[in-house]
Every structure is written in structure tokens, then in C-alpha cells.
Amino acid sequence: MNAREELELATRRLEELSQRIALATNRPAGEIEELARQASDLSAAVVEIIPRAIAEAEAEARGDVPRIGDPAPEEPAFVPDGLSEDEPA
Amino acid sequence: MAEVSRRQARRQAVILLYQRDVTGLPVPELVENALRAGEHADDPFTQALVDGVEADRAVIDDRITASADGWTADRIAPLERNILRVAVYELGSGDVPVPVAIDEAVEMAKKWCAAEAPKFVNGVLGRVARENEEAAA
């Protein structure tokens, strides 16, 4: 999973948690505290993922990494040279 | 404090506002977090943009909604929304030439967002800039 997919997933989970917290007014305090703790952890994760997702998009825009859906390069990325450690000696 | 370009400062401002928008965490906590991660989040231009957007967010969002042709600011994807917020703030501040403010926002949208976002950002900001011109005339 790339950083943008992680971000999308985490953001969606955070929205769901916020809705659950908003609807949990009559639930036991312990349950609400647990939801709040999960939301706090998820917020921290989202804060950390956002710069990575943006850096990833920038790298794609510069052409450092292929964009999802880009055609595969015509030349094979790996040309066996007999020196690979994956090759039998 | 290391020197950062206005472009880098603008990038950092959008990231902080995006984080704030999605998580609801306070800006000082997000700035502390970014500094720990080695980002130049305490740059004066970054802070001016973040503080300016935070102070006028309701007005800025109203202007985005009025110019977004069927979209309300709260329904625009959060990354696009915060690119727009920074640019609308800059257009209103008069510190940056109009074409520069629009171009910087469109470039961020090109690099960070879905394919249709740059055109959308350009359209919204073009309308905001025209309104500013008419209001000043």
C-alpha cells in the first residue's frame, strides 16, 4: 500500500470514528474514552502520513517513480549478468 | 532557522492546514510535530499563511463556495480545499502578484491531486481574482 492509499484509509477511519464518538453520548464513559483514544492514535498516524503522501506525489510528478497506471517500460528492468546473488553460482 | 523559499514555505503551510483540517489538532501541536520531523514549519511566511487562513477561514470558505460552481468548500477534497484556502488568502493579502498566487496553487494541484484538480483550482481562483479586481475598482 502506498502512502496515499494509507492516507485515504486512515482518513476514512478517522471520519467513521468521529461519527461514532458524536453518536456515543449515551454510551458508558469507558467506551467513549476508548473511541477517543483510537481517534487520537489515528490522528497522529494521519499527521505522519500526510507529508509522506505529498512527497510520494511529488516524486511521481518528477518521474522518479512510475505513476499508477503508467505503461510498463519496454526494456526489461533487470538484465541477467551472471553476478546476481539470486543466480546459482 | 534555515532559509526556505516562498514555494517551500507555501508547501509547508498547505501541509499544516491539511493536517489541521483532517485531524482537528491545534496548529501549535502540528508545528511542533513538523519541527521534530525536520520540516521548516516555523518559517515566518509559513506561519503568516497558516495564521491568516485560520483567522479568516469562514470568509475564505464562503469565497471558495461562491466561486466553485455547484461545490461548497466543505465538499471539496481536503487537499484541494487547503490549496485553495492558501491561494485565496494570498490573493486577498496583496503581498503576492495575482498570477503568482494562482500559478503556485495550480502547480501544487498538478503535483499532488487528481488529474482534474488543476483546472478546478485555476477556475475558482480566476473567479476570486476577478471579484477582487471588481471590488477594488
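## Exercises on a predicted two-chain model

Chain B of this predicted model has a mean pLDDT of 94, and 99% of its residues reach 70 or more. The model scores ipTM 0.83 and pTM 0.83.

**Exercise 1.** Determine which helices and strands chain B has, and whether chain B is as compact as a globular protein of its length.

*Solution.*
1. Count the elements: chain B has seven helices and zero strands.
2. Compare the radius of gyration with the globule rule: the value for chain B is 14 Å, close to the 14 Å that the rule gives for 137 residues, so chain B is as compact as a globular protein of that length.
3. Add the extent: the C-alpha trace of chain B spans about 40 × 30 × 30 Å along its principal axes.
4. Look inside: 42% of the 137 residues of chain B count as buried.
5. Turn to contacts in chain B with a separation of 6 or more: 66% of them come from residues 24 or more positions apart.

**Exercise 2.** Describe the side of chain A that touches chain B.

*Solution.*
1. Eleven residues of chain A are in contact with 13 residues of chain B.
2. On the chain A side, the elements giving two or more residues are α1 (3–23) and α2.
3. The most comes from α2(A), with nine residues.
4. By type, this side of chain A has eight nonpolar residues, two polar and one charged.

**Exercise 3.** Classify Glu34(A) as buried, partly exposed or exposed.

*Solution.*
1. Locate the residue: Glu34(A) lies in helix α2 (residues 29–62) of chain A.
2. Count its neighbours: 13 other C-beta atoms lie within 10 Å of Glu34(A).
3. Apply the cut-offs: buried needs 20 or more, and exposed needs 12 or fewer.
4. Glu34(A) is therefore partly exposed.

Technical notes: Residues are numbered from 1 along each chain as its sequence is written. Chains are lettered from A and ligands numbered from 1 in the order in which they are written. This is a predicted model: local features need pLDDT of at least 70, side-chain atom pairs count only at pLDDT 80 or more; totals for chains, interfaces and linings use all residues. pLDDT is the predictor's confidence in each residue, from 0 to 100. Helices (H or I, at least four residues) and strands (E, at least two) are DSSP runs, numbered from the N terminus. Two residues are in contact if their C-beta atoms, placed from the backbone, lie within 7 Å. Ala, Val, Leu, Ile, Met, Phe, Trp, Tyr, Cys and Pro count as nonpolar, Asp, Glu, Lys and Arg as charged, and the others, Gly among them, as polar. The radius of gyration is taken over C-alpha atoms; the globule rule is 2.2 Å times the number of residues to the power 0.38.
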